[in-house]
Amino acid sequence: MTEHAEAPLLVALVDLSADPEAGQRYEDAVLALLGRHGGRLERRLRTGDGTTEVHVIRFAARAGYDAFMVDPERVALRAALGDTAPTTRVLDVHDV
């Protein structure tokens with residue numbers, strides 16, 4: 001297995017435009033859950049208008065990312081927002 005597969009580096013492009021304030025609170029809460037799955041937030045960036053965030057996240061293993069995605073607390077937080085939940089595109093990246 002390659003180093004890339006063992007410790008994935010991800011970039012999340014997060015669209016908060018449906019409700020920027022609620023989206024930011026949601027992201028605050030779910031990013032706090034990363035550690036329980038071997039993940040860490042390396043960078044969190046936000047556009048000037050507050051409608052988009054970019055997260056650079058590293059996990060110790062792919063299984064940690066998979067577990068984070070189905071974490072019951074994360075799922076419940078997302079469900080509570082319904083249609084105003086942020087939409088996210090996740091890219092698996094590597095240094096060049």
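**Exercise 1.** In which strand is the place of Thr88? Describe the surroundings of this residue.

*Solution.* The structure is a predicted model.
Step 1. Thr88 belongs to strand S4, which covers residues 87-93.
Step 2. The relative accessible area of Thr88 is 40%. Buried would require a value under 20% and exposed a value over 50%; Thr88 is therefore partly exposed.
Step 3. Leaving aside residues up to four places away in sequence, Thr88 touches Ala12, Leu13 and Val14.
Step 4. Thr88 lies 10 residues from Arg78 in sequence, and their C-alpha atoms are 12 Å apart in space.

**Exercise 2.** Determine how helix H2 and helix H4 are oriented relative to each other, and describe their contact.

*Solution.*
Step 1. Helix H2 comprises residues 20-31 and helix H4 residues 72-81; their axes come within 10 Å.
Step 2. The axes cross at roughly 175 degrees. Angles over 145 degrees count as roughly antiparallel, and H2 and H4 are therefore roughly antiparallel to each other.
Step 3. On the H2 side, the contact involves Ala22, Tyr26, Ala29 and Val30; on the H4 side, it involves Arg74, Leu77, Arg78 and Leu81.
Step 4. Of the residues in this contact, six are nonpolar, two are charged and none is polar.

**Exercise 3.** Check the length of H2 against the expected span, and state which of its residues are buried.

*Solution.*
Step 1. H2 has 12 residues, and at 1.5 Å a residue it should span 16 Å. The expected span uses one less than the number of residues.
Step 2. The end C-alpha atoms of H2 are 16 Å apart, which agrees with the expected span.
Step 3. Ala22, Gly23, Gln24, Tyr26, Glu27, Val30 and Leu31 are the buried residues of H2.
Step 4. An α-helix has 3.6 residues a turn, so residues three or four places apart point the same way.
Step 5. The partners against which the buried residues of H2 pack are strands S1 (9-15), S2 (39-46) and S3 (52-59), together with helices H3 (62-69) and H4.

**Exercise 4.** Which strands pair with S3, and in what sense?

*Solution.*
Step 1. S1 pairs with S3 in the antiparallel sense, over seven bridges. In S3, Val56 stands opposite Val11.
Step 2. S2 is also joined to S3 by seven bridges, and these strands run antiparallel. Here Glu53 of S3 stands opposite Arg46.
Step 3. The hairpin of S2 and S3 has five residues between the strands, and Gly50 in this hairpin takes a positive phi near 75 degrees.

Technical notes:
Residues numbered from 1 in each chain as written. Predicted model: local features only at pLDDT ≥ 70, side-chain atom pairs only at ≥ 80, totals over all residues. Heavy atoms only, no water. Axes fitted to C-alpha atoms, helices over the stretch in contact; angles between N-to-C directions. Helix = DSSP H or I, 4+ residues; strand = E, 2+ residues; numbered from the N terminus. Parallel < 35°, antiparallel > 145°, perpendicular 65-115°, else oblique. Contact = heavy atoms within 4.5 Å. Nonpolar A, V, L, I, M, F, W, Y, C, P; charged D, E, K, R; others polar. Buried < 20%, exposed > 50% of the residue type's maximum accessible area, 1.4 Å probe, protein only. Pairing = 2+ DSSP bridges.
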